[in-house]
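User: Please explain why the helix crossings, packing angles and burial labels in this model are called what they are, setting each value against its definition.

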Amino acid sequence: MSTAKNSQFQIEPERYELTAGPTYHFETDRRDFFKFLGAGLLVVMALRTTHAQESGSKGHATEQNLPKDIAAWLHIGENGKVTVYTGKVEVGQNIRTSLSQGVAEELHYPINEIELVMGDTQLTPFDMGTFGSRTTPTMNLQLRKVAAAACDSLIGLAAAQWQTGRAHLVAQDGKIIDPQTKRSVEYSELVKGKQLNQNLPAEDPLIPAGQWRIAGQSAPKVDGRAFVTGKHQYPIDQKLPGMLQGKIVRPDSFGASLASVDTSEAEKLSGVIVVHDGDFIGVAATDQALATQAAAAVHVAWKADTPQPSNADLFDFLKKHPVRSAGPGPEDFAPYVKGSVEQALKSAHHRSQQTYTVAYIAHAPLEPRVALAQWSGDNLTVWTGTQRPFGVRGELAEAFKIPEENVRVIMLDTGSAYGGKHTGETAVEAARLARAAKCPVKVQWSREEEFTWAYFRPAGVMDVTAGLASDGSITAWEFHNYNSGGSGINTFYDIPNQRIGFHPSRSPLRQGSYRGLAATANHFARESFMDELAHTAKMDPLAFRLKNLKDERLRAVFQAAARKFGWGARKTVEGQGVGMGGGFEKAGNVATCAEVRVDKQSGEVRVVRVVTAFECGAIVNPDGLRNQIEGANIMGLGGALFESVKFENGKILNARFSKYRVPRSSDIPTIEVVLLDRKDIPSAGAGETPIVGIAPAIGNAIFDATGVRLRSMPMVPDGLKTT
Amino acid sequence: MAKITQIKVNGTALKIDADSQWTLLSVLRDQLDLTGTKYGCGEGQCGACTVLIDGVAKRSCRTQIGLVGDNEVTTIEGLAVGDHLHPLQQAFLDEAAMQCAYCTSGMIMSAAALLNSNHSPSTDDILQAMEGNICRCGTYPRIVSAIQKAAKAMPAPEKCS
């Protein structure tokens, strides 16, 4: 790795959570495991304990050396069933599949006979949440270690049973085999009648990526058949006997407070329960139609908090309203400084300065937020779609002033999230209504609620200044991001003099995590500006990047994308333009080339072809990775061209799919993906980083086609105005 | 308000107890436990709730149950024949044309309606037919491939002599 990456700094811990989650959690007593798992072999991975402890054959685990923090556990039952427990969750990124591949690989066991129990706070180990592309680099590694340790244990058991040495024994397809005697024994036989409990040895050798047989190959989505037949149960599909449907009475604008409320008419409706608790007003009824009717029958007046900023003055507002409280301390926002930008600018052959902006955009997961809550005395169970089941458990415990161990949050594979399902408001709403109704209540947000009361990807302003030497070397680089965030803010280009800063602002709208988060904004500004500088230096944009870039991995993706794309080819069509953008984030390297066609009469911009080269270390599931890269490009295309949350005075003006445009079939270009498989580098996550290249690639292509430089995302919400 | 007491779904007449103005979506999901059909927007814009009514794609979130009458409703649960998947279901699996798969039921039903009326659609035909279905995960290119694959796998309708 080059010095650019080694010197990576963190200006702000990423804003993955709107509010800090509880830092404490309660442990599961390991003796409880066998109660619900039955006999067999249990392998536990402790985060801090490195004692390798094998409890031998029959008997219970002792409390000695019990780990204080557990990352994952795996159980092999007497029936041969392998169950793996992880607090990570499946939101469509297909980690249920890729994690199963890792386990199957190390355990030498068929993938379709492995079950992953995910994101159930009663059954799975504590986990902070599924975000930041951390599942593949951390959980995949941990589960592989657990599986390798289990396999190691099974070999030991077979050696003991056969009274032979263990070194020559091999594991294969659920059996331990002695190649010398041709004996074999099934895993299920080895664990029969036993309660074996093993901590993970400190260093368990894992199978190198170059020798993978199951990982490294494309694997179909686990349980795919349930999804194409409509049988998969999403959180929204959960049902309990006697369940009521809940509906929340929302304020008419952000920041509004309750002026008066009259619930008497709603309360007269048969089968309706009305809850008024502080500013919370909600109803629960036997069906959705009645709940909607009851909510409408609540007569309520709100006192608006006005005036509030609107789209029109947003960027000015963000620059004029700095805050210092978005992170742990002010020192986190100290700018990164290297050399002297002032001196370098003074002596530069050419100086340039530009401002870029990005709008608030919505996650718009197709499955809206939903929760079903059930109380039993002081115990609460909630089924909900969330990336942070343990965080939601904490929110519920806090809201109802009950201990966390009284709360169980069950997360079923949900209808996507993209960073948008970190918070537990829907769970709290359902639980509040269920407590009053004394029966289970489901709260399902409408699309309008989803577009209004969820949080958004932050809007932001980026100011960039650079100095160029006469040979096209960048000598000075100054970059400031207002509000949108610090991820991906540092430049990977080799520039001797830099000053880079992130400046949190008072956001007029509720904002939070999003796929790629600020890396999209920072890459848009940086890679658009790189294109501008290349034109200033009268250099080809690829050659200009490579001249200023030493990092081999990043050079490799730029070169691979350009080669596949046919970079440098002569234009053949009127209105055609090409551009590129790329970068490094979350241990993944991406470069995207785009071709656009601009109809100069109508202003219509069509992205016709996209090539993305991506490298994230050793690839676990190649087709799953392609799917993520294609999807990231398509989602990124929406934010690049037309997605934007419109708001005025505390109200969202386009809270519907008919008013908020997302990419549809006809918007989709031909997408080609080049995967660079680096088996010598640990696997990194890929759900986010592939999204960062497309916006600058499209913007640069529009400039190439028309000479018009677009510096605000979305770039052409209403077509391109060339005059 | 008029009560509706029966609809025909997936080849069977089923008893329901619904006001005529309720949506077909709510009846399918809340009364008949046919939860494969999804809520996505409630305004007919995302296609997650798509079902077939007499073979034609309809948005069940915008279809009042009172207007369904004796017409045959087909949902995602009614496409496979026993364990034998419909060619579209198989093609969606083969092409991995899904991520979170929340849109998949609606996608498959919209595609089924297309193939009912056009057994060898062009790419443009497919794009046009699927324009009303949102896949927020962005698996559109795979969905188009899956529909093309299914079209080839399905027997062509008998030609009139």
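Analyst: A crossing is called left-handed if the near helix is turned anticlockwise from the far one by less than a right angle, and right-handed if it is turned clockwise. This is a predicted model, in which local features need pLDDT of at least 70 and side-chain atom pairs count only at pLDDT 80 or more, whereas totals for chains, interfaces and linings use all residues. Residues are numbered from 1 along each chain as its sequence is written, while chains are lettered from A and ligands numbered from 1 in the order in which they are written.

User: Which handedness does that definition give to the passage of α2(B) by α3(B)?

Analyst: α2(B) passes α3(B) in a right-handed crossing, and its passage by α5(B) is also described as right-handed. The elements themselves are DSSP runs numbered from the N terminus (helices are H or I, at least four residues; strands are E, at least two).

User: Why are α2(B) and α3(B) called oblique to each other?

Analyst: Their axes come within 10 Å and cross at roughly 130 degrees, where axes are lines fitted to C-alpha atoms, for helices over the stretch in contact, and angles run from 0 to 180 degrees between N-to-C directions. Angles under 35 degrees count as roughly parallel, over 145 as roughly antiparallel and 65 to 115 as roughly perpendicular, the rest being oblique. The value of roughly 130 degrees falls in none of the three named ranges, and α2(B) and α3(B) are therefore oblique.

User: What makes α2(B) oblique to α5(B)?

Analyst: α2(B) and α5(B) pack at an angle of about 135 degrees, with their axes 8 Å apart. As an angle of this value is not over 145 degrees and is outside 65 to 115, the pair is oblique.

User: Which residues of α2(B) and α3(B) meet, and how does their contact divide by class?

Analyst: B:Leu88, B:Gln89 and B:Phe92 of α2(B) meet B:Thr104, B:Ile108, B:Ala111 and B:Ala112 of α3(B), contact requiring C-beta atoms, placed from the backbone, within 7 Å of each other. By class this contact has 5 nonpolar, 2 polar and no charged residues (Ala, Val, Leu, Ile, Met, Phe, Trp, Tyr, Cys and Pro are nonpolar, Asp, Glu, Lys and Arg charged, and the others, Gly among them, polar). Towards α5(B), B:Pro87, B:Leu88, B:Ala91, B:Phe92 and B:Asp94 meet B:Ala146, B:Lys149, B:Ala150 and B:Ala153, a contact with 7 nonpolar, no polar and 2 charged residues.

User: What covers the buried residues of α2(B)?

Analyst: The buried residues of α2(B), residues 87–94, are B:Pro87, B:Leu88, B:Gln89, B:Ala91 and B:Phe92, and their cover includes α6 of chain A together with α3 and α5 of chain B.

User: How do you know that A:Thr520 is buried?

Analyst: A residue is buried if 20 or more other C-beta atoms lie within 10 Å of its own, exposed if 12 or fewer do, and partly exposed in between. A:Thr520, found in α14 (residues 518–536) of chain A, has 34 C-beta neighbours inside 10 Å and therefore counts as buried. Leaving aside neighbours within four places in sequence, its contacts are A:Gly636, A:Gly639, A:Ile691, A:Val692 and A:Ala695.

User: Why is A:Gly156 called partly exposed?

Analyst: A:Gly156, in α4 (residues 135–162) of chain A, has 17 C-beta neighbours inside 10 Å and so counts as partly exposed, its count being neither 20 or more nor 12 or fewer.

User: What makes α17(A) and α18(A) an oblique pair?

Analyst: α17 (residues 622–641) and α18 (residues 694–706) of chain A pack at about 55 degrees, with axes 8 Å apart. Because that angle is not under 35 degrees and does not reach the 65 to 115 range, α17(A) and α18(A) are oblique. Their crossing is right-handed, and among the residues that meet are A:Gly636 and A:Gly639 of α17(A) and A:Ala695 of α18(A).

User: Which helix gives the most to the side of chain A that touches chain B?

Analyst: Of chain A, 44 residues are in contact with 42 of chain B, and α17(A) gives the most to the chain A side, with 6 residues. That side divides into 17 nonpolar, 16 polar and 11 charged residues.

Methods:
Two residues are in contact if their C-beta atoms, placed from the backbone, lie within 7 Å.
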